[in-house]
Amino acid sequence: MKRGRLFTGWGVYARMVFIGFAIYSCANKGYPEGGPKDVTPPHVVEERPASFNRNFDKKSINIYFDEYVQLKNVNEKFIISPPQAKKPKVRLKGKYISVEFQDSLRQETTYTLDFADAIADNNEGNPLGYYRYVFSTGNVLDTLELSGNVVDAETNEPVYNAYVFLYRNQADSVPITELPDYMARTDSSGFFRLTNLRQEDYKVVAVMDENRDYKYVPETEQIGFLDSVVRPVVMEMNRTDTLSGDSAVTVSYLAYGPNNLFIRLFPEEPTQLYMTNSERKQRELLYFTFSIPGRNDFEIELLDTVMNAPWYLAEQSAGRDTVMLWLTDSAVYKKDTLRFRLSYLKTDSLRRNSPYADTVRLVFTDKKTDRKKRKQEDEALAKPVMTFLNVTAGGGSEQDLHRGISLEFDKPLTGVGLDSIKLFEKVDTVYQPVVFELNRDSLRSRHYELKVEWKPEKEYKLVIDSARITDIYGHHNNKLEKKFKVRGVESYGKIILHAREGEGQVLLQLYKWENKKAENGRPLFTIVDEKTVEGAGDVVFDFVNAGKYGIRAVFDENRNGKWDTGLYLKRQQPEKIVYLPGEINVRQNFDIDQEFNLKVPYTRKDKKTGDKKAESKK
């Protein structure tokens with residue numbers, strides 16, 4: 001009987017398990033939706049001690065939330081003002097965040113802990129928003145504020161993530177040697193806000209603090225500054241609000257400011273002169289690169305080999321910061337290892353450019369190959385091979401009406417055979433010779449420009465006979481024949497610009513944006529054309545290709561024909577630039593009449609980041 005009851009019990013249990021498994025299987029053919037997506041940000045439920053606390057003497061604070069949270073790039077986004085030499089440690093502990101101070105706090109000082117948007121919920125990443133914690137180590141909570149905007153001095157675009165520093169000490173060297181008394185950081189619209197300040201005079205400086213040391217490194221980081229000190233104030237203001245119907249009410253409120261500080265951030269022009277690199281890129285070519293262009297008094301002496309005749313041909317880069325030496329003597333360039341004694345100017349500790357001597361060793365070796373490949377190369381060398389001098393002729397099948405043709409050779413020339421360059425115009429069905437000028441670049445000896453007065457919509461042919469031009473290594477050119485057509489006048493647009501309300505010498509520049517940015521994040525653009533006016537005037541940008549362009553005005557204060565950046569220690573602001581709002585869409589065979597008021601300020605928007613982030617925050 002017992003065995004029977006035991007069997008019956010297991011049978012019932014098995015049937016129940018089977019039924020339960022069947023129900024579970026039927027109910028799990030798909031995953032449940034789980035309801036609507038969580039879009040609610042976390043909320044602060046408690047602060048220990050509470051924010052806006054006075055006589056603060058704790059070593060840490062804890063901030064509690066109603067759900068589990070995460071920290072996004074908190075090491076970059078979190079700042080404490082006034083800053084500390086040892087930054088606080090911010091730790092995440094489930095539903096609360098702990099901030100531990102590693103440095104002593106100043107007495108009688110109001111502190112702000114700014115998390116920006118680093119706090120978000122753990123599930124969907126919904127940000128808390130711009131959270132700020134405030135406390136005072138004294139009996140008083142300072143409440144004054146300053147705010148404004150930071151823009152790039154050259155592009156007029158808002159600068160994101162720049163630091164704005166305030167200093168009670170107003171010495172010029174303070175941003176280089178001391179930590180600021182207060183600081184804030186700009187958002188994507190370039191806006192900054194410094195809160196909980198004392199009523200004192202402050203020196204205001206903005207720095208793109210790349211190394212996060214809260215100091216300025218001259219000629220390395222970008223900087224901007226105000227010419228005068230600023231004192232924060234608060235005023236009682238009134239405004240009239242309209243209620244429903246025709247009734248109105250006057251409301252009093254406190255206004256903090258100044259709230260319109262405007263800082264132009266700029267990179268300083270480098271002044272430290274030194275050699276940055278020396279290398280042997282080709283067997284016959286040496287490169288010596290300097291930190292800045294200009295005079296460097298470069299001289300070179302070949303060691304271990306006595307040379308009575310000139311053994312190199314010098315050439316400079318377009319930026320005048322690189323010296324290229326073409327080795328002309330085979331007894332020199334056939335050696336794998338070469339030693340040189342160099343002399344040049346170098347900036348010393350007193351910031352003077354003084355003579356400096358150095359010895360360098362440059363090596364060039366041919367690529368190693370295996371035996372099989374070496375045998376094939378030896379067999380190929382046994383056959384006569386003609387190595388040609390390469391020449392590149394700029395432009396394609398269409399030639400701009402107002403530009404010449406650039407010719408670039410890959411090796412320096414002996415100067416013999418340039419008369420073999422011929423240009424022909426197609427008249428009916430016959431090509432007739434055309435007179436032209438051939439000008440050599442004074443710095444880049446391998447570059448030439450062919451200038452001629454083109455006839456619109458005419459066909460031309462450029463011809464260089466083979467084996468007529470020779471480089472210094474004995475290579476001859478291969479035959480070059482290039483046919484092209486000059487564009488007609490109707491294929492261009494024209495911009496007639498009326499500049500008004502300017503002062504001094506003004507450079508009016510037509511520019512075009514590139515689809516990339518520089519390594520430092522600044523946008524890149526190309527100056528297409530430039531005109532100069534005195535104060536104001538009318539100019540014409542002719543022969544403009546179809547496309548979208550911008551126009552800007554550079555106030556050329558020193559009349560050197562270019563935009564000059566600032567120099568902080570000399571209290572020199574960058575030259576002012578005003579941009580024409582928007583872009584001009586140039587079309588073929590159309591004239592555009594454009595007014596440009598040079599007194600109207602205009603802050604450009606970054607095309608890629610835009611202002612969406614700032615707008616959503618507002």
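This passage describes the charged contacts, aromatic pairs, surface patch and backbone features of a predicted model.

The model is predicted, with local features requiring pLDDT of at least 70 and side-chain atom pairs counted only at pLDDT 80 or more, while totals for chains, interfaces and linings use all residues. Residues are numbered from 1 along each chain as its sequence is written, and side-chain values use heavy atoms, with hydrogens and water left out.

Salt bridges make a good place to start. With a salt bridge taken as a side-chain nitrogen of Lys or Arg within 4 Å of a carboxyl oxygen of Asp or Glu, the count comes to 35 salt bridges. In one of them, the side chains of Asp117 and Lys77 meet at 3.0 Å, N to O. This pair links distant parts of the chain, 40 residues apart: Asp117 sits in the loop between β7 (110–116) and β8 (119–121), and Lys77 in helix α2 (residues 74–77). Here helices (H or I, at least four residues) and strands (E, at least two) are DSSP runs, numbered from the N terminus. Both Asp117 and Lys77 are buried, where buried means under 20% relative accessible area, exposed over 50%, and partly exposed in between (1.4 Å probe, protein chains only).

A second salt bridge joins Arg283 and Asp366, whose closest N and O atoms are 3.4 Å apart. Arg283 lies in the loop between β19 (275–282) and β20 (285–290) and Asp366 in the loop between β25 and α5 (371–382), so the pair ties together parts that are 83 residues apart in sequence. The partners differ in their surroundings: Arg283 is buried, with a relative accessible area of 14%, whereas Asp366 counts as exposed at 54%. In a further salt bridge, the side chains of Asp297 and Arg295 meet at 2.9 Å, N to O. Asp297 is partly exposed, at 37% relative accessible area, and Arg295 is exposed, at 64%.

Salt bridges that share partners also join Arg106, Asp142, Arg168, Asp181, Arg198 and Glu200 into one network. Within this group, Asp142 is found in the loop between β9 (131–136) and β10 (144–152) and is buried, with a relative accessible area of 13%. The C-alpha atom of Asp142 is separated by 4.7 Å from that of Asn196, 54 residues apart along the chain.

Turning to the aromatic residues, rings of Phe, Tyr and Trp (its six-membered ring) pair if their centres lie within 6.5 Å; planes under 30 degrees apart count as stacked, over 60 as edge-to-face and the rest as tilted. By this rule there are 31 aromatic pairs. The rings of Tyr344 and Tyr356 have centres 5.6 Å apart and planes at 55°, so this pair is tilted. The two residues are 12 residues apart and link distant parts of the chain, with Tyr344 in strand β24 (residues 337–347) and Tyr356 in strand β25 (residues 353–363). Tyr344 is buried at 5% relative accessibility, while Tyr356 is partly exposed at 33%. By contrast, Trp454 and Tyr460 form an edge-to-face pair, because their ring centres are 4.9 Å apart and their planes stand at 85°. Both Trp454 and Tyr460 are buried. Elsewhere, Phe56, Phe101, Tyr111, Tyr133 and Phe135 form one aromatic cluster.

On the surface, Asp542, Asp591, Asp593 and Glu595 form a negative patch. Patches are made of residues with over 30% relative accessible area and no salt bridge, with like charges joined within 9 Å and nonpolar side chains (Val, Leu, Ile, Met, Phe, Trp, Tyr) within 5 Å. Strand β44 (residues 591–597) gives the most to the negative patch, with 3 residues. Asp593, found in strand β44, counts as exposed at 54% relative accessibility.

The backbone offers a few features of its own. Most residues other than glycine have a negative phi, and most peptide bonds are trans. A cis peptide bond nevertheless joins Arg48 and Pro49, with omega about -10°; Pro49 is found in the loop between β1 (44–48) and β2 (60–65). Another cis peptide bond joins Gly257 and Pro258, with omega about 0°, and Pro258 is in the loop between β17 (248–257) and β18 (261–265). Positive phi values occur at Glu501, near 65°, and at Phe543, about 55°. Glu501 is placed in the loop between β37 (493–500) and β38 (505–517) and is partly exposed at 44% relative accessibility. Phe543 lies in strand β40 (residues 537–544) and is partly exposed, with a relative accessible area of 29%.

Technical notes: Areas by Shrake-Rupley, 256 points an atom, 1.4 Å probe, with all protein chains shown as cover. Lys, Arg positive; Asp, Glu negative; His and termini not counted. Charge placed at Lys NZ, Arg CZ, Asp CG, Glu CD.
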